[in-house]
Amino acid sequence: MKTRSGRILLSALACAAVSLAGWRADAESNRVTFPDNLDRLVHYTTVTRGNVTEHILTSREAIDAVKSGQPVPNGTHFVLVDYRDGAVFRYFVMEKGEGWGTDYDERRRTGDWQFQWFNPDQTINMNENTARCQSCHQGREDSQYLYTFNDISVFE
Ligand code: HEC
């Protein structure tokens with residue numbers, strides 16, 4: 001009897017853990033979409049590190065805004081295409097939308113930018129908590145949350 005109820009309790013706990021994990025993934029507010037104009041975005045810089053090659057892209061409008069000291073327009077995508085050994089390994093995407101910052105509390109917020117990790121088939125990596133992306137990019141608050149801000153400034 002004792003063993004049996006112990007087992008029931010354990011499996012109830014396991015279920016709770018599974019549904020809790022599911023709830024966390026669903027609860028993360030995220031509006032980022034995979035850009036439907038990837039082929040029209042401008043590849044303005046490349047970062048290489050060992051077997052990793054990152055192509056970083058955005059719209060011409062966003063590049064022009066940065067160069068003229070203006071905020072990049074709402075609706076802008078920045079895409080970091082991460083190639084490993086010549087094949088797409090993942091896409092990191094930042095997208096900006098009017099009022100999107102208010103989806104998060106102030107400590108997590110990165111202006112009106114939201115972040116997402118897409119697999120090579122453009123589906124979302126549900127295991128990623130994009131608070132991690134935001135916490136690192138918060139360090140670039142003075143550069144519109146962009147790490148490659150200076151590369152844009154010098155891009156023709
Ligand atoms: C530990 C710090 C750190 C974390 C975490 C991080 N990034 Fe970045 N991100 C960078 C750096 C540094 C660059 C500049 C490129 C480079 O050096 O690889 C960058 C560049 C980018 C760019 C190109 C635009 C820009 O800011 O220059 C995008 C898009 C991006 N990251 C998205 C993401 C997403 C999405 C996540 C989470 C899944 C993420 N980042 C997590 C540091 C970080």
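Trainee: Let's jump in: which residue of β4 does Leu 80 stand opposite?

Mentor: Before we start, residues are numbered from 1 along each chain as its sequence is written. Also, this is a predicted model, where local features need pLDDT of at least 70, side-chain atom pairs count only at pLDDT 80 or more, and totals for chains, interfaces and linings use all residues. Strands (E, at least two residues) and helices (H or I, at least four) are DSSP runs numbered from the N terminus. Standing opposite Leu 80, over in β4, is Phe 92.

Trainee: How many bridges join β3 to β4?

Mentor: Two strands count as paired if DSSP finds at least two bridges between them. Here β4 covers residues 87-96 and runs antiparallel to β3. In their hairpin there are two residues between the strands, and Asp 85 takes a positive phi near 50°. As for the bridges that join β3 to β4, there are eight.

Trainee: And on the other side, which residue of β3 does Ile 56 stand opposite?

Mentor: Strands β2 (residues 52-58) and β3 (residues 77-84) pair in the antiparallel sense over seven bridges. One facing pair there is Leu 57 and Val 79. Ile 56 also faces Thr 45. In β3, though, the residue opposite Ile 56 is Leu 80.

Trainee: What about β1 and β2: which residue in their hairpin takes a positive phi near 60°?

Mentor: β1 spans residues 42-49, and seven bridges join it to β2 in an antiparallel run. Their hairpin has two residues between the strands. The residue with that positive phi is Gly 50.

Trainee: So what is the order of the five strands in the sheet?

Mentor: The sheet is open and its pairing is antiparallel. β1 and β5 are the edge strands, as each pairs on one side only. Neighbouring strands are turned by 20° against each other on average, direction ignored (axes are lines fitted to C-alpha atoms, for helices over the stretch in contact, and angles run from 0 to 180 degrees between N-to-C directions). Read across, the order is β1-β2-β3-β4-β5.

Trainee: What is the bridge partner of Phe 92 in β5?

Mentor: Six bridges join β4 to β5, and the two run antiparallel. One bridged pair is Met 94 with Phe 115. For Phe 92, the partner in β5 is Trp 117.

Trainee: Why does Trp 117 count as buried?

Mentor: A residue is buried if 20 or more other C-beta atoms lie within 10 Å of its own, exposed if 12 or fewer, and partly exposed in between, with C-beta atoms placed from the backbone. Leaving aside neighbours within four places in sequence, Trp 117 is in contact (C-beta atoms within 7 Å) with Arg 90, Phe 92, Asn 125 and Glu 128. Trp 117 counts as buried because its number of C-beta neighbours inside 10 Å is 20.

Trainee: How many of the six residues of β5 are buried?

Mentor: In a regular strand the side chains alternate between the two faces of the sheet. On one side of β5, Trp 113, Phe 115 and Trp 117 are buried. On the other side, Gln 114, Gln 116 and Phe 118 are buried too. The count for β5 is six.

Trainee: Which element gives the most to the largest nonpolar core?

Mentor: A nonpolar core is a set of buried Ala, Val, Leu, Ile, Met, Phe, Trp, Tyr and Cys residues joined through C-beta atoms within 7 Å. This one has 21 residues, and Leu 57, Val 79, Tyr 91, Val 93, Met 94 and Phe 115 touch the most other members. β2, α2 (60-67), β3, β4 and β5 each supply at least two residues. With four residues, the top contributor is β5.

Trainee: Last one: which element supplies the largest share of the shell around the ligand?

Mentor: The shell has 21 residues (C-beta atom, placed from the backbone, within 6 Å), and Phe 92, Cys 133, Cys 136, Tyr 147 and Thr 148 come nearest. Elements giving two or more residues are β2, β3, β4, β5 (113-118) and α3 (131-137). The largest share, four residues, comes from α3.

Conventions
Two residues are in contact if their C-beta atoms, placed from the backbone, lie within 7 Å.
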